[in-house]
Amino acid sequence: MAFLGVHNSITGRKWIGPNDEQHRRAEAISQITGQKPPVASVLARLAISPENVDTYLNPLIKNLLPDPKQLLDVSKAAERLIRALDDRERIVIFADYDVDGATSGAMLVSWYRFFNLEPDIYVPDRIKEGYGPNEQAMKALSSKHDLIICVDCGTMGHEALEAVNEGCDVIILDHHLGSEVDPKCHTIVNPNRQVESGNLSYLCAAGVVFLSLVECGRQLKNSGKSSPNLMAYLDLVALGTVADVAPLVGANRAFVLQGLKILSKRQRLGLKVLMDKSALNSSPTSYHLGYLLGPKLNAPGRIGPADLALRLLCSESVLEANELCEQIEEFNTTRKDIENIVREEALAQIDKNQSEEPITWAAGDGWNPGVVGIVASRLKDKFNKPAIVLGFNGDQGKGSGRSVAGFDLGFAIQRLQHEGLIQKGGGHKMAAGLSLTKEQLNPAMSRLCELAKKEEFMNSDAHEVPVDGVLFIGGVKIDLIEELENCGPFGSAIREPKFAFCDVSLSFTKRVGENHLKVRFSDDSGKTMDAICFRAFEGNLGQALIEHGGKKAHLIGKLDVNHWQGRKSPQLIIEDAAWPEEL
């Protein structure tokens, strides 16, 4: 049964409310614990029993932290990391160019700096070198270093690691899906190796690095030696986890929740400067990590010097941090411009022929490889199904894909490579990359669609909007929003709370920026509330709300706190709307 009778909203989706079991659990939570009904509704949806509410809302790292030894070979990796420290070896950290790679690398730099050892850093150029280790870089780095630590990459770098000079060891700390045979290296720690149990498969690289350092700390303690306070590194773990869209389950939830508390103290210089320049004056949330800080830190790796983000996270100079932030802001602005062009060209390619296919894809000459992943994410959100976007330079194409729940895109892309349909590819469940020729394009996409159809994930869920309940404007206060936020952090696998406001009047609508819509709505008692709808004009929602013609509306979205001139007020981030008179 559709929530509020909305079978076909303005965006063409069905609204789904809590089921009977969730209603019963929410009532029990509210009665036994005293939680406000909206908070109880969210906890019920998360399947939290009344007895476990306090434990869930106040998770402790010590209770949720996995034993690092659950990761195969983590002890061997820790021994080698410590030996490099004891012998004062020449170390280089080879990090991926995204936020997960930057945060992972920054943790290792900070850890070695505690012992007055300064490792070098190397981040490959996305366009010139591509993802992960390459033969030229490995050969050059191994001639000058005793230890190469690959973070957020390397699991599929078989050929490149063969080029490592004798006398130099390689440690891989990664989370990407592995093949049947590990690459040639001293140690690989990866919860997604074929030989792993899969119990920690949800970790991103930052989580893997953190657990590896926990094991290092354990070994150093057993030797009577001191080590850094790793709790101070959780701001980096939280940022990497959210930015990499890792599911916020198990230890990841504790990592992010505790990491946000550390981030709010603004002790890491680079992140403090970035938050200041981003006008983030409040305590950061997972939303800020995923949609404000993460995209900015990703920007240089997409279209500019790939090491800027890692250098910023390691910076100990105010002057340097400010300069790096200014460069990052400039690259982020340029990235947005390039992204908009590619997105519009991609949308122009996608016609009704793809409407029945389980995969949306687009390809174009000259599309910057650094933005195809973001565009794929936009297409995935718009069409509610996995999306692939590829840019070609001559005959050679590089692409990125983003998936939805129920389809393991990384495995599917790896299968295409195994079948010889693409040159190279890999990733994880929700995101993947690939390289192919123009001749391979259509056969590869056709095969990918075949694989997707077999998974049977294309169901009505992709065209539904889940709602946690109905709210009234007069009942929305700052403390309610903060209590709802405390049910998180929210992100992959744990969606943010969404509530409906029924039969409201749209008293003000105004387009802001290129694609956003500012709204003010009111109820029959005259109480008003502000709202914003991001990227409203990429679909039909923005124009429909502007042309409301005095009709009352049902609105659904996420509650947020708007900070303006030192004042805080509730606001709704609109996701969807419907006209009750048309139901």
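These legends go with three close-up views of a predicted model.

**View 1. A nonpolar patch on the surface, made by L4, V470 and F472.** Here we're looking at the outside of the protein, where these three residues make a patch of about 270 Å². Take F472: is this residue buried or exposed? It counts as exposed, because its relative accessibility is 63% and the cut-off for exposed is over 50%. To find F472 along the chain, look in the loop that runs between β12 (464–466) and α19 (478–485).

**View 2. Strands β7 and β8, with helix α16 linking them.** Strand β7 covers residues 360–365, and 5 of its 6 residues are buried, so this strand is mostly covered. Its partner here is β8 (residues 387–393), and the two pair in the parallel sense over 6 bridges. Want one pair to look for? W361 has I388 in β8 as its bridge partner. To get from β7 to β8, the chain passes through helix α16 (residues 372–383), making a β-α-β crossover that is right-handed.

**View 3. Helix α10, largely enclosed by the rest of the structure.** How many of the 10 residues of α10 (residues 234–243) are buried? The count is 9, so the helix is largely enclosed. The buried residues are L234, D235, L236, V237, A238, L239, G240, T241 and V242. Follow the chain just past the end of α10 and you reach V245, which takes a positive phi of about 55 degrees.

Note on methods: Residues are numbered from 1 along each chain as its sequence is written. This is a predicted model: local features need pLDDT of at least 70, side-chain atom pairs count only at pLDDT 80 or more; totals for chains, interfaces and linings use all residues. Side-chain values use heavy atoms; hydrogens and water are left out. Patches are made of residues with over 30% relative accessible area and no salt bridge: like charges are joined within 9 Å, nonpolar side chains (Val, Leu, Ile, Met, Phe, Trp, Tyr) within 5 Å. Accessible areas come from the Shrake-Rupley method with a 1.4 Å probe; for residues, only the protein chains shown count as cover. A salt bridge is a side-chain nitrogen of Lys or Arg within 4 Å of a carboxyl oxygen of Asp or Glu. Helices (H or I, at least four residues) and strands (E, at least two) are DSSP runs, numbered from the N terminus. Buried means under 20% relative accessible area, exposed over 50%, partly exposed in between (1.4 Å probe, protein chains only). Two strands pair if DSSP finds at least two bridges between them. A crossover is right-handed if, with the strands pointing away from the viewer, the path from the first strand over the helix to the second runs clockwise.
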